[in-house]
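Open the model in your viewer and keep the sequence beside it, since this tour moves from one selection to the next. Each stop names what to select and then says what is there.

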Amino acid sequence: MLRIDLEGHFQEKIDREERIEAKDWMPEAYRKTLIRQISQHAHSEIVGMLPEGNWISRAPSLKRKAILLAKIQDEAGHGLYLYSACETLGIDRDELLNELHTGKAKYSSIFNYPALTWADMGAIGWLVDGAAIMNQIPLCRTSYGPYSRAMIRICKEESFHQRQGYEIMLTLSRGSTVQKNMAQDALNRWWWPSIMMFGPNDSDSTHSAQSIKWKIKRFSNDELRQRFIDMTVPQAELIGLKIPDPDLKWNEERKSYDFGKINWDEFWNVVKGNGPCNKQRLRDRVKAHEDGAWVRDAAVAYAEKKRSGRVN
Ligand code: FAQ
């Protein structure tokens with residue numbers, strides 16, 4: 001009898017750098033891992049709009065307001081591509097949203113910190129989008145086709161987001177003493193949460209080994225964190241800001257920065273729902289979803305009308 005080694009073929013295809021597409025056979029655990037990661041990623045984009053959304057009406061000029069609005073709209077778009085990519089794995093968007101709204105699904109820890117001053121818009125773009133790009137460029141080559149294709153456009157937009165954030169920090173650092181202090185204060189508050197975004201150390205990462213074998217992840221959490229630090233320290237120096245880490249030091253042998261101990265208790269506390277803004281973020285997300293019910297109802301009614309031929 002011919003026995004087909006489905007798992008073997010699947011892994012060989014991945015090893016040949018071929019993409020897995022929605023209709024291809026895949027192990028159930030691969031499908032589940034992707035649903036977990038892509039949906040967490042989509043939720044992060046959508047919840048990530050909240051800290052910045054608070055600043056649209058307070059942006060210091062019309063130009064800054066227009067740029068911030070465009071950035072936040074991009075994030076909504078990223079969430080939508082990602083939900084669509086996730087739906088190709090056979091799960092319904094309502095189910096995914098329900099998991100977010102009931103607190104079952106995770107989203108990135110970083111969005112549970114408050115955005116207190118205008119400089120936070122700079123720090124979020126520079127550091128949070130900077131960390132996001134470092135993590136997401138390799139995802140353009142992730143093994144699942146729909147996810148990798150969504151990531152290409154997302155990364156192009158994230159690069160613009162990072163540049164606009166850095167430019168805000170540059171402007172503030174060239175400004176008055178108060179403005180420079182504001183930029184430094186934002187860096188002090190966002191630095192550690194940004195480097196936590198890459199996830200736990202490799203030794204504590206539940207999914208990394210399998211995800212790397214399946215080429216969902218191309219690099220480990222610690223590798224990407226190190227690259228981000230090495231890229232960002234010179235950027236801070238260039239604009240005269242100081243990274244809030246007394247142990248940060250160039251290591252000539254490794255050609256990389258050594259850095260201080262990450263407070264993993266803080267990270268897990270935030271991930272478990274006890275960060276400074278977790279409850280507020282979830283409440284605001286649920287309210288936005290409920291307030292938008294009429295839009296979804298109208299879209300469904302219009303689609304039905306179109307199907308029945310009552311609209312051209
Ligand atoms: N926050 O075994 P690992 C953005 C969880 S988008 C919360 O290492 P994995 C754009 C993890 O889920 C930012 N939970 O997990 C933007 C797992 O728990 P589980 C989001 C975290 O999946 C910018 C457990 O810890 N980006 O910023 C976090 O292999 C500005 C063990 O961890 C993505 O989602 C965390 N930071 O690696 C928007 C990128 N880290 O699920 C607005 C795609 C880990 O078993 C403004 N995702 N956990 O219950 C990934 O690359 C991966 O999922 C990692 C985690 C690297 C995040």
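A pocket here is an open set of points on a 1 Å grid over the protein atoms alone, where a 1.4 Å probe fits and protein lies on both sides within 12 Å along at least five of seven lines, and its lining residues have an atom within 4 Å of a point. A molecule sits in such a pocket if more than half of its atoms lie within 2 Å of its grid points. This is a predicted model, in which local features need pLDDT of at least 70 and side-chain atom pairs count only at pLDDT 80 or more, while totals for chains, interfaces and linings use all residues. Residues are numbered from 1 along each chain as its sequence is written, and side-chain values use heavy atoms, with hydrogens and water left out.

Select the ligand to begin: the space that the ligand takes is the largest pocket. That pocket holds about 1,100 Å³ of space, a volume being the space filled by probe spheres set on the points, which are joined across faces, edges and corners.

Next, show the residues near the ligand (one heavy atom within 4 Å of it). There are 36 residues around the ligand, and Lys106, Ser205, His207, Lys217 and Asn221 come nearest. Helix α2 gives the largest share of this shell, six residues, where helices are DSSP runs (H or I, at least four residues) numbered from the N terminus.

Now look for polar contacts, which are pairs of N or O atoms within 3.5 Å. Which distance separates an oxygen atom of the ligand from an N or O atom in the side chain of Ser205? It is 2.7 Å, while a polar side-chain atom of Asn221 lies 2.8 Å from a ligand oxygen and an N or O atom in the side chain of Asn135 is 3.0 Å from one.

Widen the selection to the lining of the largest pocket, which is made of 43 residues, with Gln40, Ser108, Met197, Phe198 and Gly199 nearest its centre. Colour α6 (119-136), since seven residues of this helix make it the element that gives the most to the lining.

For the last stop, go to the second largest pocket, where about 280 Å³ of space lies. Its lining has 14 residues, and those nearest its centre are Leu80, Leu97, Arg285, His289 and Arg296. Two or more lining residues come from each of α4, α5 (93-101), α12 (278-291) and α13 (293-307), and α5 gives the most, with four residues.

Methods:
Polar contact = N/O pair within 3.5 Å; in protein donor to acceptor, adjacent residues only side chain to side chain.
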